[in-house]
Amino acid sequence: MLSKFSFLVPALLSRFKASDAPPTQSGESGVRDASDIVTLSLISHTNAGKTTLARTLLRKDVGEVRDAPHVTLFNESHLLLETGGFMLRLWDTPGFGDSARLMKRLKRERNPVLWFLSQTWDRITDRPLWCSQQALKNVREEADVVLYLVNAAEPPEAAGYIGPEMEILGWVGKPVVVLLNQTGTPGSSEFEAAEIDAWRAHLEPFEIVRTVLPLDAFARCWVQEDKLMESLAPLMEGSKIPTFQQIKRAWTQRNIEVFRSSGSLIAEQLTAALLDGVEVRGETLLERVGWQREDLNREYNDARQKLAAQLADRVEHATNKLIEAHGLQGAAGHALSQVARDHFHLPEGVSESIWGVVGSFAGGAMGGLIADLKLGGMTFGGGALLGGIASGIGAYALIRSYNLVRGSDQRLRWSREHFREQVRLALLTYLAVCHFGRGRGEWQESEQPQHWREAVDDVIDEHSDALDHLWKTGVQKETQPALLFRQTHQLTNDCMVSLLERLYPGVESGAWQV
C-alpha cells in the first residue's frame, strides 16, 4: 500500500526539512564555485569537545559549550580562513549518541518509504537521533575530509563506540583524519609518540582512517595546526588540490606572522630590561669599609624597588600583548605585577603567603627567583654571591645580593644572572600562551609542564654565551637602543625556534627565522 505513494516521499521530505532550522553558516558571503571551497567536517562521539576545538581553530567563540550530551543539534558552518577568493570551511556537527541505532537508520535510506517513516518518527520522538542523520547526509554531500575527534583521556581499547562510528564514517565515504583531544597537560615528545602509536594500532583495521594526530582543544600548539594542514594536503582531489595549496600557505603564513610578532614583543621586553637602570651615588670611604651605610642602603633599596616595579609592568604588558596576538581574550600578570612591586625589592621581608600567588603565575618560570628570595636573595642564578645584606663588606656585595650590578655608566642594573632568569620566564610565558586553546575560554595562568622547563633550561644553556654577550652589550654606556633591540630580537628568535624544535622534533622551521 505504501509503495503506491512512494513518489510523494521526495516532496514531503523537502517540505519536512524546510520547516526545520537549517544548518547555520558564519562568516560566509556571496556565491562561490565549489572548487574554491575546501570543507572539513568535525565529527565525534557526543560530548567529546568538538565545539571547544572549533573555537580554538577559529580563534573565536562559536556555538555552545557545556558538559552535556547533544549540545550541538544542527550542523554549523564556520569560515576558518579566506584567501585570494578561496575558502576553508569547518562544519561543526551533532555528536554521535547511539551509534548502532544510528547506523540502522542510515541503511534505511535505500528504501524511500521506510526512510520517510523513520525520519518522521525520529523527528518527533528522538530529536538528537534525527539531527545526527541529517548532519551525516550533509557531511556526505559537502565534506572533503572528516576530522574525527576522540577522547584521548581514555585508552583506545576502552572506547567501545569506535567500531560502530567507524562503520558510520564508512557510510559517509570521505577520508578521515583522527584527532586526539583531551590529551591533558602537554607531555614529552616521546610520551606523545607512544600515545599516537597506540591509537594508530587500534585504528589500523579501518581503511578510511588516513592518519592520527594530536590536537587538544585546550593545549594544542600552532605547530600542530600546521602539521594538520600538511596531513590534509594529500587527501584533496581534483580541482581542490590547488585550492588547498593556497589555503595551506595562507594558514602557515598567518601562524608565522604571529610567531614573529611574539618574538618582537619578547625582544622589546628584554631590551628594556637591559637598558633599565637607576642612578645611585658612589660610596664614601667610610661606607666602603662598612661604616655609616644606612643612607646608602636605603638608596639601594629604593633603586631595587623602582627596578622591580618597572620589570613587573613590562612582564604584565608583554604577556597581555602575547595573549592578544594569539587571538585570545583575558589578561595576565596582575598577581605577579603586584607581588613584584610589594615584595621583590625587599627579599628579607617576603611572607610565606606570597609564594602561592607567585607560583600560580610563574608555574616554575621564576622558580630560581622564588627560591632565592626565600633565602634572602643570596643565591639567585644558582651561583654563590659575595656576602650578604647584613655583612657590611661594601656596596658590591650588597648590590649582588639584590641581583644588581653597576654598569659602565655607574647606574644600577639587573645582573647577568637575573637577566637570564628574565629570558627563562619570557620563553615559558610564550609557551603557555601559544599552547592555550581559545576553547578554554579567557586566558588563565596555570602550572607549566616539567618538560617545558627542561627544554627551556636546555635552550638557555645552549645560548648562554650569546645571552652573556648581549647582557654585556646592554650595560655599556655607549649602547645604541636600536642596535641592541635588533641583536635581542635575533637572539630571541633563535631561542624560540630552538625551543619549538625541541618540543616538536622534525618540524619544518626554516621559514620562522627573522
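Author: Let's start with a term: two strands count as paired if DSSP finds at least two bridges between them. Keep in mind that this is a predicted model.

Reader: Thanks! How do you know that strand S2 and S5 pair?

Author: Five bridges join strand S2 (residues 37-44) to S5, and the cut-off is at least two, so they pair. The two strands run parallel. One bridge links Leu-40 to its partner Val-145 in S5.

Reader: And what makes S5 and strand S6 a pair?

Author: Six bridges join S5 to strand S6 (residues 176-181). The rule asks for at least two, so this is a pair too, and these strands also run parallel. Asn-151 stands opposite Asn-181 in S6. To get from S5 to S6, the chain crosses through helix H6 (residues 162-172).

Reader: Why is that β-α-β crossover called right-handed?

Author: Imagine the strands pointing away from you: right-handed means that the path from the first strand over the helix to the second runs clockwise. The crossover from S5 through H6 to S6 is right-handed, so its path is clockwise in that view.

Reader: Why is S5 called largely enclosed by the rest of the structure?

Author: A residue is buried when its relative accessible area is under 20%. Seven of the seven residues of strand S5 (residues 145-151) are buried, so the strand is largely enclosed. In a regular strand, side chains alternate between the two faces of the sheet. On one side of S5, Val-145, Leu-147, Leu-149 and Asn-151 are buried, and on the other Val-146, Tyr-148 and Val-150 are too.

Reader: Now the helices. How do you know which way H9 runs relative to H11?

Author: Their axes come within 10 Å and cross at roughly 175°. Angles over 145 degrees count as roughly antiparallel, so H9 is roughly antiparallel to H11. Residues making this contact include Val-258, Leu-265 and Ala-273 of H9, and Arg-314, Ala-318 and Leu-322 of H11.

Reader: What makes the largest nonpolar core a core, and which residues have the most contacts inside it?

Author: The members of a nonpolar core are buried residues of certain kinds, Trp, Leu and Tyr among them, joined through side-chain atoms within 4.5 Å. The largest core has 43 residues, and Trp-222, Leu-427, Tyr-430 and Leu-500 have the most contacts inside it. Helix H16 (416-434) is one of the helices that each supply at least two residues, and H16 gives the most, with ten. Trp-222 touches Phe-259, Tyr-430 and Leu-500, among others.

Conventions:
Residues numbered from 1 in each chain as written. Predicted model: local features only at pLDDT ≥ 70, side-chain atom pairs only at ≥ 80, totals over all residues. Heavy atoms only, no water. Buried < 20%, exposed > 50% of the residue type's maximum accessible area, 1.4 Å probe, protein only. Helix = DSSP H or I, 4+ residues; strand = E, 2+ residues; numbered from the N terminus. Contact = heavy atoms within 4.5 Å. Axes fitted to C-alpha atoms, helices over the stretch in contact; angles between N-to-C directions. Parallel < 35°, antiparallel > 145°, perpendicular 65-115°, else oblique. Lists of a residue's contacts leave out its neighbours within four places in sequence.
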